[in-house]
Amino acid sequence: MKNRYDAVVIGAGPAGLIAAGCMGKSGLSVCLLEKNEKSGKKLRITGKGRCNITNSRPKNEFIQAYGKNGKFLYSAFSVFFRDELLDFFKNTLNIEVTRERGGRIFPRSQDAHEIADKLTSWAENQCVEIVYEHRCISVNPGEDGYLSLQITHENKPIDLLARSVLIATGGISYPGTGSTGDGYSLAKNLGHSIIPLKPALVPLITHEGDKYGLKGISIKNSLVTVLTDGKKSNRLFGEFLFTHFGVSGPVILTLSKDIVNALNTGLQVLLHVDFKPALDENTLDKRLIREFSEHSNKCLKNILKFIIPEALGTVCLAETGVSGDIPCHSITSSDRKKIGYWLKNFEIPITGYRPIEEAIVTSGGINLKEIEPATMQSKINPRVYFAGEILDLDGDTGGYNLQAAFSTGWCAAKGIIALLTQK
Ligand SMILES: Cc1cc2nc3c(=O)[nH]c(=O)nc-3n(C[C@H](O)[C@H](O)[C@H](O)COP(=O)(O)OP(=O)(O)OC[C@H]3O[C@@H](n4cnc5c(N)ncnc54)[C@H](O)[C@@H]3O)c2cc1C
């Protein structure tokens, strides 16, 4: 390790890796500091280990997936968006991709390690010096236009000088992966303001816990309507998961940001779940009639499983008071209607959310007003740049957060190259 570099990148996550490689390729001397013993610990667990890299939704819709701060990304996406990312994966990293439901794009290998390993090797091949188990503890303006960095390695201090620094230390969720929020203190020390940190994409708690014994049961196509103080505030279609403390799954995670805000302002939150949204009440009733007549001599409890997961069927019978032991031909129309109503009108009161450490992403972070959107350059110290989840940007599930990390990382690299090579 040298004692001065053109650029030091703090954090070998997706944002830091792509940025470091890009700068190394341009001929700058680059050091990538990573406090863990390996790169991309969080990247390696994304998409349940399959890594949902990005999404095929059109750019305008894509931007909406980040809420009101999404417009900050227009400049970065005009330079490096999905097509550029996929082109980079294919032609530079030799990674093929596949598209799935909801426009989600994964590596064909379905292996997040492939992305992390190939990105890391590529960065190394661009002469980036990656130093593991080195934690940056401060960045300060130094002399002769350099920034001075304090690093710790095996409890020993190391001083480093850099002509520019990219802070790509991630958020504060899943701290076991290395994102423990160090970057926020580095930024504060440099004069930046931090928008308060909150969990986004976080599982929700109900005081009833696993009242129904349904933990682990997931329903692929449900329609979840959020009622805040009795008023419909949001509605989303997707996969819903029961857990031991409440609910999770993509549809819940996506709705969670607004629910967290509602709970924090003292509003009552109730989820209304329709387990059969593709069928209106009449069509569902006809479907039940058909199933029951096709299996007229079988017990109801053995037939409901053709319509919903078996465990959910058991709860449906218990809640509606309809006996599961009667043969289907003896079910009264009133009981059948009770079942149909229950399937379309399940309600869960939401009383809290899991801690930020369990959130998929962090909401809040470096105030975007203090960052140049085309280059990720700090407006406070022009030698400092930010990229990835540390910024006050968070997207829905579906590949949006990784795309933001890659795009902002790429643009930060281009910004630093321009800064350091301008005559
Ligand atoms: C379980 C889970 C699943 C996810 N799945 C998806 C998905 O499928 N698709 C998607 O788009 N998003 C997904 N995300 C979100 C996505 O992983 C993050 O938004 C993304 O990794 C952020 O990238 P980053 O480079 O900004 O930060 P990180 O990936 O958090 O990387 C930051 C790096 O900085 C290092 N670091 C921190 N402080 C220091 C320091 N002081 N000195 C040196 N190094 C430091 C950390 O060790 C870490 O390696 C998922 C997140 C989780 C938790």
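**Exercise 1.** Is Ala76 buried or exposed?

*Solution.* The model is a predicted one, in which local features need pLDDT of at least 70, side-chain atom pairs count only at pLDDT 80 or more, and totals for chains, interfaces and linings use all residues. Residues are numbered from 1 along each chain as its sequence is written, and side-chain values use heavy atoms, with hydrogens and water left out.

Step 1. Locate the residue: Ala76 belongs to helix H3, residues 74–79. Helices (H or I, at least four residues) and strands (E, at least two) are DSSP runs, numbered from the N terminus.

Step 2. Apply the cut-offs: buried means under 20% relative accessible area, exposed over 50%, and partly exposed in between (1.4 Å probe, protein chains only). Ala76 is buried because its relative accessibility is 0%.

Step 3. List its partners, where contact means heavy atoms within 4.5 Å. Neighbours within four places in sequence aside, Ala76 touches Pro373, Met376, Ser407 and Cys411.

**Exercise 2.** Describe how domain 1 and domain 2 meet.

*Solution.* Step 1. Set the bounds, which come from an automatic or database domain assignment: domain 1 covers 4–200 + 362–421, and domain 2 covers 203–353. Eight residues from domain 1 and 11 residues from domain 2 take part in the contact.

Step 2. State the area. Between them, the two domains bury about 710 Å², 50% of it on carbon and sulfur atoms. Buried area is the accessible area (1.4 Å probe) that two parts lose on being put together, summed over both.

Step 3. Count the salt bridges, each being a side-chain nitrogen of Lys or Arg within 4 Å of a carboxyl oxygen of Asp or Glu. The count between domain 1 and domain 2 is one.

Step 4. Give the separation: the C-alpha centres of domain 1 and domain 2 are 40 Å apart.

**Exercise 3.** Examine the backbone and the setting of Cys51 and Leu201.

*Solution.* Step 1. Recall the background: most residues other than glycine have a negative phi.

Step 2. Read the angles. Cys51, not a glycine, has a positive phi of about 65 degrees; Leu201, also not a glycine, has a positive phi of about 55 degrees.

Step 3. Place the residues. Cys51 sits in the loop between S2 and S3, while Leu201 sits in the loop between strand S10 (194–200) and strand S11 (204–205).

Step 4. Judge the accessibility. Cys51 counts as buried because its relative accessible area is 0%, and Leu201 counts as buried because its relative accessibility is 4%.
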